[in-house]
Amino acid sequence: MAPLENASDTSTSTVSANSVTVEPSNPLYLYPTDNPGTIIVADRFDGMGYGSWRRGMLIGLSCKNKLGIINGTISKPNVTSPLYEPWCRCNDMVIAWILNSLEDEIRESVMYIELTAKLWMDIEKQYGQPNGSKVYQIRKALSSISQGASNIASYFSRIKKLWDELAYSITYPDCVCGCKEAYQKLEEDQKLHQFLMGLNDNYSTIRRNILAMKPLPDIDTAYAMLVNDESQCEAQALVPSFSSESASFSTSVQKPYTGSSPAGIQKSYSQKVNFNPKRANVIGKYCKKPGHTIKKCYKLHGYTNIFQSTVQSNRFKKPTGYAHVSETQSLGPTDGCASDNRIGQFDSKNYGFTKEQYEHLLNMFQ
């Protein structure tokens, strides 16, 4: 009976060991939202920009408390251990996350690696080691980078990414002479000059102001000054400006009437003047007046015909707003005659003279 009791005890302990519960604080714990399709970083790694990809993966795995799986601090337990199955699930989950962040060609080369720590180490050996060709490519990109059609923020992001990749690809020796701060200042000034050289020509004024500062500001201060200048230029571009081509108003000047006409005539008239800079440069060949063409010359064609053709053509034009000012031209003592502001309409009853005299009177005011 004793062996049976021992067997029963062994079976009970094995069952309890296999049904161990992993606490949420344990790195082997998987949350209900964790799944193999989870994306840790936004952009897949294609062999370029390993430093930024590695940084994004470390941040994502740290948030999920899984850094111990990739750095080997949480080793694989024995098969008989109660944590063996939780470790296997966690290991496979992290491998799936890493494979999801790799391009197809790179993923195929590491697909059959079973341990997360070994997978991470192989990627580090292939792409994380500094080499001359990678440093050459980064320096070449920095030498030809320019703002182009980008704004200041986009241009700064592109050049800063290259700076970070270069800093990751180069291993600087530890300073033992105490000139570390001076060396960092020289490197910061070099980045500032490189950043200012790629700006467009419309930032030449603010660029000269930055270079004239003693000592030179850091890259963050220069970036803030450029963004502020860019915002001011965009705000000024949104202010509406007055267009003289759309301005049209009426005006007139009193002129003494020297012609012969019946006494007691008073006429009220208005004249619209369109200040168009394009028409102001035109001089009539026949009448020598500004803004007149042969087609619309009053002295050559007569006022009535020109006016009628203008009225007919204006029927098909969109109405434009203008200020209308009416002034009175004194022709003699007033006798209560009604004034008429419509040019081109003749009524002998209202004015008391013939049509030819009326046209002659209007031609004198042109």
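The largest nonpolar core in this predicted model has 28 residues, and those with the most contacts inside it are W53, M57, V94, I98, L102 and I123. Helices α2 (50–63), α3 (67–70), α4 and α6 each supply at least two residues of this core. Helix α4 provides the largest share, with nine residues.

Two of the helices that feed this core, α4 and α6, pack directly on each other. Helix α4 spans residues 84–100, and its axis lies 9 Å from that of α6, at an angle of about 25 degrees. Because this angle falls under 35 degrees, α4 counts as roughly parallel to α6. On the α4 side the contact is made by N91, V94, I95 and I98, and on the α6 side by T116, L119, W120 and I123. By class, six of the contacting residues are nonpolar and two are polar, while none is charged. The spacing of such contact positions may be read against a general rule. An α-helix has 3.6 residues a turn, so residues three or four places apart point the same way.

T116 illustrates the packing from the side of α6, the helix that covers residues 116–127. T116 counts as buried because its relative accessibility is 0%. Beyond its neighbours within four places in sequence, T116 is in contact with N91, V94, I95 and I98, and also with I69 and I70. The first four of these contribute to the contact of α4 with α6.

W53, one of the core residues with the most contacts inside it, joins several stretches of the chain. Leaving aside neighbours within four places in sequence, W53 is in contact with V41, D43, F45, S101, L102, W120 and I123. Among these partners, S101 is found in the loop between α4 and α5 (104–109). S101 counts as buried, since its relative accessibility is 3%, under the 20% limit. With residues up to four places away not counted, S101 touches V41, D43, R44, F45, W53 and M57. V41, D43 and F45 are thus contacts of S101 and also appear among the contacts of W53.

Apart from the core described above lies another core, of 23 residues, which includes L166, L192, I219 and L226. Attention may now turn to helices α9, α10 and α11. Helix α10 (residues 204–211) has I206, R207 and I210 as its buried residues. Seen down the axis of α10, these buried residues fall within an arc of 105 degrees, so they line one face of the helix. The buried residues of α10 pack against α9 (180–197) and α11 (219–237).

Helix α11 also contains E230. With a relative accessible area of 13%, E230 is buried, because the limit for a buried residue is under 20%. E230 touches N151, I152 and Y203 when residues up to four places away in sequence are not counted. The C-alpha atoms of E230 and N151 are separated by 8.3 Å, although the two residues are 79 residues apart along the chain.

These local arrangements belong to a protein chain whose secondary structure comes to 16 helices and four strands. Of its 366 residues, 29% are buried. Among contacts in the chain with a separation of 6 or more, 65% are accounted for by residues 24 or more positions apart.

Technical notes
Residues are numbered from 1 along each chain as its sequence is written. This is a predicted model: local features need pLDDT of at least 70, side-chain atom pairs count only at pLDDT 80 or more; totals for chains, interfaces and linings use all residues. Side-chain values use heavy atoms; hydrogens and water are left out. Buried means under 20% relative accessible area, exposed over 50%, partly exposed in between (1.4 Å probe, protein chains only). Contact means heavy atoms within 4.5 Å. The arc is that of the directions from the helix axis to the C-beta atoms. Axes are lines fitted to C-alpha atoms, for helices over the stretch in contact, and angles run from 0 to 180 degrees between N-to-C directions. Angles under 35 degrees count as roughly parallel, over 145 as roughly antiparallel, 65 to 115 as roughly perpendicular and the rest as oblique. Ala, Val, Leu, Ile, Met, Phe, Trp, Tyr, Cys and Pro count as nonpolar, Asp, Glu, Lys and Arg as charged, and the others, Gly among them, as polar. A nonpolar core is a set of buried Ala, Val, Leu, Ile, Met, Phe, Trp, Tyr and Cys residues joined through side-chain atoms within 4.5 Å.
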